[in-house]
Amino acid sequence: MLDDPNMNSKNFLSLSIDRFEQLQSLGLKTLEQLNDEQIHWSPDAESNSIAIIVQHLYGNMLSRFTDFLTTDGEKPDRHRDSEFIEQKLSLDELKKRWNAGWDCVFAAIRPLTNDDLDKEVFIRGESHTVMEAILRQISHYAYHVGQIVYIGKHLKGEEWKTLSIPRGKSDEFLTSPPK
């Protein structure tokens with residue numbers, strides 16, 4: 001990736017921050033369309049509600065990005081299995097966790113420099129470069145944010161406020177994209 005003349009370390013960091021910000025925004029815009037009952041809905045006993053997904057992301061973010069460069073990303077005090085137990089948090093409590101998790105991510109990523117990208121970090125004892133660890137988390141968070149958006153859209157039905165180009169509006173978007 002860094003062999004591409006249009007891509008350099010600085011671009012990687014700014015693009016990564018941009019992607020994290022987009023994911024944070026998609027999740028938050030979904031949460032803002034829902035109520036306390038909806039965030040706890042799941043289609044069946046084997047599926048996770050939005051609340052459980054947010055609980056998991058919060059735990060993951062704190063574990064991965066606290067002391068990012070100096071400690072294993074799987075902290076000894078993290079209890080991952082408990083993240084998948086319904087805690088019946090209110091929507092406001094869930095939003096606070098959502099924001100606190102992202103604050104932890106950004107506090108770790110924003111100060112990084114080009115020199116940090118090849119440093120070694122560990123996740124569950126497995127070695128990664130900083131760049132690999134960031135890509136791993138972008139993929140993980142995108143997976144779960146997609147679940148959150150999908151469930152939210154399902155629950156809202158026709159009341160859903162689209163987070164991207166509305167159906168049937170692609171041509172209009174192409175002729176006059178937002179500024």
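**Group meeting: the core, the helices and the largest pocket**

Let me start with how the chain is connected: among contacts in the protein between residues at least 6 apart in sequence, 73% join residues at least 24 apart. Please keep in mind throughout that this is a predicted model, and that every value I quote is computed from it.

As for the overall layout, the protein has five helices and two strands, and from the N terminus on these elements run α-α-α-β-β-α-α. Taken along the principal axes, the C-alpha atoms fill a box of roughly 50 × 50 × 25 Å, and of the 179 residues, 39% count as buried.

I will turn now to the interior. The largest nonpolar core has 41 residues, and those with the most contacts inside it are Phe20, Phe65, Phe68, Trp102, Ile109, Ile134 and Tyr141. The elements that each give two or more residues to this core are α1 (9–31), α2, α3 (91–109), β1 (120–123) and α4 (130–156), with α4 giving the most, namely 10 residues.

Phe20 is a good place to look on your screens. If we leave aside its neighbours within four places in sequence, Phe20 is in contact with Phe65, with Trp102, Val105, Phe106 and Ile109, and also with Ile134, Gln137, Ile138 and Tyr141.

Several of those partners bring us to α3, where the buried residues are Leu91, Leu94, Trp98, Gly101, Trp102, Cys104, Val105, Phe106, Ala108 and Ile109. When you look at the spacing in that list, it may help to recall that an α-helix has 3.6 residues a turn, so residues three or four places apart point the same way.

How far apart are the end C-alpha atoms of α3, and what span should its 19 residues have? At 1.5 Å a residue, the expected span is 27 Å, and because the end C-alpha atoms of α3 are 27 Å apart, the two values agree. For α4, which has 27 residues, the distance from the first C-alpha to the last is 38 Å, close to the 39 Å expected at 1.5 Å a residue. Just after α4 comes Gly157, which takes a positive phi of about 55°.

Let me move to the largest pocket, which has a volume of about 200 Å³. The pocket is lined by 14 residues, of which Tyr58, Gly59, Arg78, His79 and Glu83 lie nearest its centre. By class, the lining has two nonpolar, seven polar and five charged residues, and helix α2 (residues 50–65) gives the most to it, with five residues.

Two further residues of α2 deserve a moment, and the question for both is whether they are buried or exposed. His56 is found in helix α2 and has a relative accessibility of 2%; since buried means under 20%, His56 counts as buried. Not counting residues up to four places away in sequence, His56 touches Arg78, Arg80, Glu83, Phe84, His140 and His144.

Asn60, also placed in helix α2, has a relative accessible area of 2% and is therefore buried as well. With the sequence neighbours up to four places away again set aside, Asn60 touches Arg78, Glu83, Gln137, His140 and Tyr141. Asn60 and Ile17 are 43 residues apart along the chain, and their C-alpha atoms are separated by 17 Å.

To draw these threads together, Arg78, Glu83 and His140 are among the contacts of His56 and likewise among those of Asn60, while Arg78 and Glu83 are also among the residues nearest the centre of the largest pocket.

How values were computed: Residues numbered from 1 in each chain as written. Predicted model: local features only at pLDDT ≥ 70, side-chain atom pairs only at ≥ 80, totals over all residues. Heavy atoms only, no water. 1 Å grid on protein atoms, 1.4 Å probe; cavity = no way out; pocket = protein on both sides within 12 Å on 5 of 7 lines; lining within 4 Å. Points joined across faces, edges and corners; volume = space filled by probe spheres on them. Helix = DSSP H or I, 4+ residues; strand = E, 2+ residues; numbered from the N terminus. Nonpolar A, V, L, I, M, F, W, Y, C, P; charged D, E, K, R; others polar. Buried < 20%, exposed > 50% of the residue type's maximum accessible area, 1.4 Å probe, protein only. Contact = heavy atoms within 4.5 Å. Core = buried A, V, L, I, M, F, W, Y, C linked by side-chain atoms within 4.5 Å. Expected span 1.5 Å × (residues − 1).
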